[in-house]
Amino acid sequence: MIDTKRCYITAHSLFCSLGDNESAIVSQVQSINQSNYEAYLQHLFAQKPYYPLIQNFDTEEKKLFSVIDHVVKACILEANLSEEEQKELAIFIGSTAMGISLNEEAYALYHQGKSDKAFNHLGYGYLGDYLETLTHSDHKALLFSTACTSSVNALAYASKLIASKQIKKALVVGIELFNKATYNGFSSLMLLSKNKIYRPFDKQSDGIILGEACSALLLESEPRSAEDFYYKGSKNICDIYSETTSNPSGEPIFQTMDEALRNASLKLSEIDFIKAHATGSENNNTSEANAIALLFEKHGTTTPVTALKPLIGHTLGASGTNEIALTLSCLKEGFIPPTLGFQERADGVNFTPLLNPVKLDGKKTNVLFNFVAFGGNTTSLVLSNA
């Protein structure tokens, strides 16, 4: 029997460094292992110091709208939504940079004397207008910008609106494209990896490697298949320790994960794995590892932990939908993706993340997703197909 108070993810799509369709992305994930990971990264970073989209575009404007078109149309096609059904889509957008790259490009052309416009857009309402037109939606789009929790917060909010029957359908889009302001900002904070090997929780971890990607999740009140995951619960709190770092004790992140489990009415023993935020920064390695240790201690048990940023980079505000879309694609193929690059625990880390893919053999799955943002915004969310 269908629970009419649930919100199901009935379609998802992702455009990232691994590929622009589910088959290519999963195939690429399965081809990378601990042995060939460093060689893969050397090839990937030969031209650009971040995880770039698999396709090049002539302009930043073409890149932005092309990837949005691609992921949105892929979701609509997967669910076979009619134009009438698309009108019911409430639009939610999560991003840190939104369209900064377009203004940077316009400013550069202006100073080169190739344009009389010093900027492309004021504000980011045009992204919502574009998606409303693209989907024929009758709803006004909502933009979320809470740093690295932007798109997961959009997902949690949309899920609650569907579960409470305030809306029927939603499309949650996360987008993060490379731009100089973000790259130079992280560089000035000395948070970027110099070794260019992503190693969350590892003794040799030396920082973040940024990535660009765009994803879309289609949410509905009824499933389209028995394997569809649904929203079980979430928690969002604000860690007031610092604007740019988490409390190293891990206490706020622990509280977020623990209360998300409570809101999902699940015990840690019922969670099949934790998808950690795992940025690879020194502070995140410490604070999130301590939080996971506190969670294990309280519940008197452990569960596997994995991290996805070694596969697609840190996509900031879009990491919520990007990493959830990537996880769902891997689970659909029957495996939990590993944490590439991990070799030896960093000081204070008391668990070893998954080193190899774990086969599920058709097992129904409960997943705890964890995300941590600048400004202290911290979100944990539980999805299930059990």
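Here are legends for a few views of this predicted model.

**View 1. The whole chain, with its helices and strands.** Welcome to the overall fold: twelve helices and twelve strands run through the chain. Its radius of gyration is 20 Å, close to the 21 Å expected from the globule rule for 386 residues, so the chain is as compact as a globular protein of that length. Along the principal axes, the C-alpha atoms fill a box of roughly 60 × 50 × 40 Å.

**View 2. Inside and outside of the chain.** Of the 386 residues, 56% are buried. Among contacts with a separation of 6 or more, 80% join residues 24 or more positions apart. Turning to the surface, the chain exposes about 16100 Å², and carbon and sulfur atoms supply 50% of that area.

**View 3. Charged side chains.** If you are thinking about electrostatics, here is the tally: 32 side chains are positive and 42 are negative. The centres of these two sets lie 2 Å apart.

**View 4. A close-up of alanine 346.** Alanine 346 sits in the loop between strand E9 (335-336) and strand E10 (358-359). Its relative accessibility is 14%, and because buried means under 20%, alanine 346 counts as buried.

**View 5. The neighbours of alanine 346.** Leaving aside residues up to four places away in sequence, alanine 346 touches Phe201, Asp202 and Lys203. Asparagine 284 offers another reference point: alanine 346 and asparagine 284 are 62 residues apart in sequence, with their C-alpha atoms 11 Å apart in space.

Conventions
Residues are numbered from 1 along each chain as its sequence is written. This is a predicted model: local features need pLDDT of at least 70, side-chain atom pairs count only at pLDDT 80 or more; totals for chains, interfaces and linings use all residues. Side-chain values use heavy atoms; hydrogens and water are left out. Helices (H or I, at least four residues) and strands (E, at least two) are DSSP runs, numbered from the N terminus. The radius of gyration is taken over C-alpha atoms; the globule rule is 2.2 Å times the number of residues to the power 0.38. Buried means under 20% relative accessible area, exposed over 50%, partly exposed in between (1.4 Å probe, protein chains only). Contact means heavy atoms within 4.5 Å. Accessible areas come from the Shrake-Rupley method with a 1.4 Å probe; for residues, only the protein chains shown count as cover. Lys and Arg count as positive and Asp and Glu as negative; His and the chain ends are not counted. The place of a charge is taken as NZ of Lys, CZ of Arg, CG of Asp or CD of Glu.
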